[in-house]
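Work through these exercises with the sequence and the model side by side. Each task is followed by a solution in steps.

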Amino acid sequence: MARAYTPSFLAQRLVQQTLNWIFPSNDEPCPVCSRPIPAQLAGGRPGKRDAMKQLCAFCQQNLALVPVCAHAVRLRADGRPMVVTSALVYDHFVRTLIRAYKYDHVVEIAPFFASALAATRGAHPPADVVVPVPTAPDRLRMRGYDHVLLVASSFARAEGLPCARALVRLGTSGRTRSQTAKDKSRRLRELAGQFAARDASAIRGRRVLLVDDVVTTGATLATCAQVLYEAGAKAVHAAVIARVE
């Protein structure tokens, strides 16, 4: 799991924890909505997961009410069928969660997303290995962690599957910014050459389950699947946290 973080991010977290210990505040802000959490409630109620302990009662309640339901669509990658399953609808609250997770360093939400992915079990074909869609190098440096790898590794561990960093993203994210406004053919053109096999031995002859955060047209998943097939994967399907409808 530690491989998903950069050393600078871990150092920042350590400094923040040290400062919180030296200068404790009465109220901790909720990492999602910034509402103050009274000191007597900080840390969560007994039985709650660590991710839930970091959130205010309002966000905990909202998370509990998020409908998690596996939804499957069929796409094509490298001329072969690819089943793409998703767990959540990309509505306002889920968008807020994902943005907080990706851009505001709220890594505490990762276990919730991993458990949501577990709801897709049975909706996609069997897999031998989980492969996260890689984050662009500049985004990784900026955030300090690989948000997809965090979720994928937690999900894989719960499923009893290996998680292999079999793909690498080349270049920077500049060419693929604001993808939601583009159609699939344009996105496929811009994504060409953006991914490469990093460890072919981890997926050669195996059934791969790609993991990503959000699916819109499926162009990123199709591009990654093609690279995996070229590297020798037996089959490639995908599971994503949320789908744009």
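**Exercise 1. Cover of a helix**

How many of the residues of α5 are buried?

Solution. The model is a predicted one.
- Step 1. Locate the helix: α5 spans residues 110-118.
- Step 2. Apply the cut-off: buried means under 20% relative accessible area.
- Step 3. Count: 7 of the 9 residues of α5 are buried, so the helix is mostly covered.
- Step 4. List them: A110, F112, F113, A114, A116, L117 and A118.

**Exercise 2. α5 against α4**

Determine how α4 and α5 pack, and which residues make the contact.

Solution.
- Step 1. Take the geometry. Helix α4 (residues 92-103) and helix α5 pack at an angle of about 125 degrees. Their axes are 11 Å apart.
- Step 2. Classify the angle. Roughly perpendicular covers 65 to 115 degrees, and roughly antiparallel starts over 145. The pair α4 and α5 is therefore oblique.
- Step 3. Assign the hand: α4 passes α5 in a left-handed crossing.
- Step 4. Name the contact residues. From α4 come L97, I98 and Y101. From α5 come A110, F112 and F113.
- Step 5. Sort by class: the contact of α4 with α5 has 6 nonpolar residues, no polar ones and no charged ones.

**Exercise 3. α5 against α7**

Repeat the analysis for α5 and α7.

Solution.
- Step 1. Take the geometry. Helix α7 covers residues 147-159. α5 and α7 pack at about 50 degrees, with their axes 8 Å apart.
- Step 2. Classify. Roughly parallel needs an angle under 35 degrees, and roughly perpendicular begins at 65. α5 is therefore oblique to α7.
- Step 3. Assign the hand: the crossing of α5 and α7 is right-handed.
- Step 4. Name the contact residues. α5 contributes A110, F113, A114, L117 and A118. α7 contributes L150, V151, S154, F155 and E159.
- Step 5. Sort by class: the contact of α5 with α7 has 8 nonpolar, 1 polar and 1 charged residues.

**Exercise 4. Backbone angles in two loops**

Examine D78 and H105. What is the sign of phi at D78, and what is it at H105?

Solution.
- Step 1. Recall the background: most residues other than glycine have a negative phi.
- Step 2. Read D78. Its phi is positive, about 55 degrees, although D78 is not a glycine.
- Step 3. Place D78: this residue is found in the loop between β3 (71-77) and β4 (80-89).
- Step 4. Read H105. Its phi is positive too, about 65 degrees, and H105 is not a glycine.
- Step 5. Place H105: this residue lies in the loop between α4 and α5.
- Step 6. Check exposure. D78 has 34% relative accessibility, so D78 counts as partly exposed. H105 has a relative accessible area of 27%, so H105 is partly exposed.

**Exercise 5. Contacts across the sequence**

Trace the surroundings of A77, F195 and A200.

Solution.
- Step 1. Start with A77, in strand β3. At 2% relative accessibility, A77 counts as buried.
- Step 2. Find a distant partner. A77 and A222 are 145 residues apart along the chain, yet their C-alpha atoms are separated by 4.8 Å.
- Step 3. List the contacts of A77, leaving out residues up to four places away in sequence: M82, A222, A225 and Y229.
- Step 4. Move to F195, in strand β7 (residues 195-197). F195 is buried, at 6% relative accessible area.
- Step 5. List the contacts of F195, with the same exclusion: V133, P134, V168, R169, T220, T223, C224 and V227. F195 and T220 are 25 residues apart in sequence and 9.4 Å apart from C-alpha to C-alpha.
- Step 6. Finish with A200, in the loop between β7 and β8 (207-215). A200 has a relative accessible area of 21%, so A200 is partly exposed. Its C-alpha atom is separated by 8.6 Å from that of L167, 33 residues apart along the chain.

**Exercise 6. The whole chain**

Summarise the chain in totals.

Solution.
- Step 1. Secondary structure: 9 helices and 9 strands.
- Step 2. Burial: 44% of the 245 residues count as buried.
- Step 3. Contact range: among contacts with a separation of 6 or more, 75% join residues 24 or more positions apart.
- Step 4. Surface: the chain exposes about 12,300 Å², and carbon and sulfur atoms supply 54% of it.

Technical notes:
Residues are numbered from 1 along each chain as its sequence is written. This is a predicted model: local features need pLDDT of at least 70, side-chain atom pairs count only at pLDDT 80 or more; totals for chains, interfaces and linings use all residues. Side-chain values use heavy atoms; hydrogens and water are left out. Helices (H or I, at least four residues) and strands (E, at least two) are DSSP runs, numbered from the N terminus. Buried means under 20% relative accessible area, exposed over 50%, partly exposed in between (1.4 Å probe, protein chains only). Contact means heavy atoms within 4.5 Å. Accessible areas come from the Shrake-Rupley method with a 1.4 Å probe; for residues, only the protein chains shown count as cover. Axes are lines fitted to C-alpha atoms, for helices over the stretch in contact, and angles run from 0 to 180 degrees between N-to-C directions. A crossing is left-handed if the near helix is turned anticlockwise from the far one by less than a right angle, and right-handed if clockwise. Ala, Val, Leu, Ile, Met, Phe, Trp, Tyr, Cys and Pro count as nonpolar, Asp, Glu, Lys and Arg as charged, and the others, Gly among them, as polar.
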